[in-house]
Amino acid sequence: MRILLAEDESTISKLIKIVLGAGGHQVVGVRSISEARDVLGNGQFDLVLLDRQLEGGDGAAVLQMLESQGNGRPPVVLMSGERSFAHDDDIAQRVQAMLPKPFELDELERLVERFSA
Amino acid sequence: MDAMDGDDAERYRVEAIAAFSHEIRTPITSLKMLVELGRRHGAEGEALFDRELTELLVLTVDELTRLVDDMQQASRLMRGMLALERAPQRLSAVLDNARDELPAGIEFEPGEFEDVSGMWDGPRLAAALAQFAVAVDRLGDGLGNVRTRIETTGTDVMIEFTSGGPPGSGQFFTADAGYGFFRARQLVIAAGGSVECRRSEGFSLVRLMLPLTQ
């Protein structure tokens with residue numbers, strides 16, 4: 001699968017790329033809202049792993065970009081189960097799965113497998 | 001000593017717990033993944049960690065250590081056990097030191113301002129200003145160019161950092177800004193100052209007031 005990883009923490013991003021790369025997936029990493037906008041404008045993805053906090057703002061902005069793609073949009077896994085104090089919104093209902101941090105590697109891999117089936 | 005008391009101390013204790021618990025999830029997440037990768041490698045008869053993973057492990061442990069040290073310092077600050085080392089400081093010198101502490105890709109340019117002097121803990125104040133600029137950029141447009149405005153009254157200096165636009169007046173929560181921001185705000189409060197924050201989609205503002213003398 002081609003996976004978009006929107007995560008601004010470099011260590012976590014590297015580790016996820018190592019793990020999912022070993023599973024044969026192509027992972028494209030972005031750290032910021034603007035990077036996500038550029039990458040989404042230039043390619044298609046089979047799955048999005050989205051962190052709530054990104055450089056330049058809230059990961060919900062990336063979710064909005066994806067929702068504007070309509071029915072062709074990829075499934076989204078939100079890597080943030082904790083509700084930020086700042087956001088009393090419905091983001092949990094707008095994504096296909098949640099992966100709260102800290103998560104187990106097995107959990108991440110099972111979720112990716114689920115969406116590749 | 002500069003202790004916080006009463007309602008302020010309680011509010012900042014609550015925010016400290018929220019900010020710290022939010023921040024510590026990141027290195028713990030990294031450690032969990034690293035431990036599992038090491039376990040898998042060991043099960044396959046390989047070395048637990050190659051060079052890349054070892055470096056990531058060291059970085060992660062260092063990050064955890066830094067967080068714990070920060071938390072201890074914050075606790076001492078709130079209890080008045082960490083004395084601010086006040087000395088006459090020129091504002092221009094503090095701003096220059098703050099800019100030196102900024103990570104690559106983030107900058108602020110103060111422009112014209114009255115170069116006043118204050119009785120401040122210069123190194124800690126510089127570190128705090130750098131943290132404010134980083135937080136403002138992160139919660140603003142993320143483009144690294146933080147706008148700065150400085151004004152002085154007879155008794156205070158106002159330093160304002162903004163990023164992005166258009167200006168909004170939504171609420172700004174410490175948990176979103178990160179632990180560094182929380183620590184910086186504590187320091188300004190302990191020094192007798194105040195911090196105002198605002199945020200909206202693509203915009204953030206931090207405005208601090210610092211007493212020139214105390």
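A residue counts as buried here if 20 or more other C-beta atoms lie within 10 Å of its own. Keep that in mind as we look around this predicted model.

**Chain A**

By that yardstick, 38% of the 117 residues of chain A are buried. Chain A holds five helices and seven strands, and from the N terminus on its elements follow the order β-α-β-α-β-β-β-α-β-α-β-α. What radius of gyration does chain A have? The value is 13 Å, which agrees with the figure near 13 Å for a compact globule of 117 residues. The C-alpha trace of chain A spans about 35 × 30 × 25 Å along its principal axes. Among contacts in chain A with a separation of 6 or more, 56% join residues 24 or more positions apart.

**Where the two chains meet**

The contact between the chains takes 20 residues from chain A and 22 residues from chain B. On the side of chain B that touches chain A, the elements giving two or more residues are α1 (6–43), α2 (51–78), α4 (122–139) and α5 (174–177). The largest share there, ten residues, is supplied by α1(B). The table sorts this side of chain B by class.

| Class | Residues on the side of chain B that touches chain A |
|---|---|
| Nonpolar | nine residues |
| Polar | seven residues |
| Charged | six residues |

**Helix α4 of chain B and its partner**

Two packed helices are described by the angle between their axes and the distance between the axes. For α4(B) and helix α6 of chain B (residues 179–190), the angle is about 135° and the axes are 8 Å apart. The two helices α4(B) and α6(B) are therefore oblique to each other, and their crossing is left-handed.

Which residues meet in this pairing? From α4(B) come B:R124, B:A128, B:Q131, B:F132, B:V134 and B:A135, and from α6(B) come B:G180, B:F181, B:R183, B:A184, B:L187 and B:V188. By class, the contact of α4(B) with α6(B) has eight nonpolar, two polar and two charged residues.

**A closer look at B:L125**

Helix α4 of chain B is also home to B:L125. Is B:L125 buried or exposed? B:L125 counts as buried, because it has 27 C-beta neighbours inside 10 Å. Leaving aside residues up to four places away in sequence, B:L125 touches B:V94 and B:W120. B:L125 and B:L95 are 30 residues apart in sequence, and their C-alpha atoms are 9.0 Å apart in space.

Conventions:
Residues numbered from 1 in each chain as written. Chains lettered and ligands numbered in written order. Predicted model: local features only at pLDDT ≥ 70, side-chain atom pairs only at ≥ 80, totals over all residues. Contact = placed C-beta atoms within 7 Å. Helix = DSSP H or I, 4+ residues; strand = E, 2+ residues; numbered from the N terminus. Nonpolar A, V, L, I, M, F, W, Y, C, P; charged D, E, K, R; others polar. Buried ≥ 20, exposed ≤ 12 C-beta atoms within 10 Å, placed from the backbone. Rg over C-alpha atoms; globule rule 2.2 N^0.38 Å. Axes fitted to C-alpha atoms, helices over the stretch in contact; angles between N-to-C directions. Parallel < 35°, antiparallel > 145°, perpendicular 65-115°, else oblique. Left-handed = near helix turned anticlockwise from the far one by under 90°.
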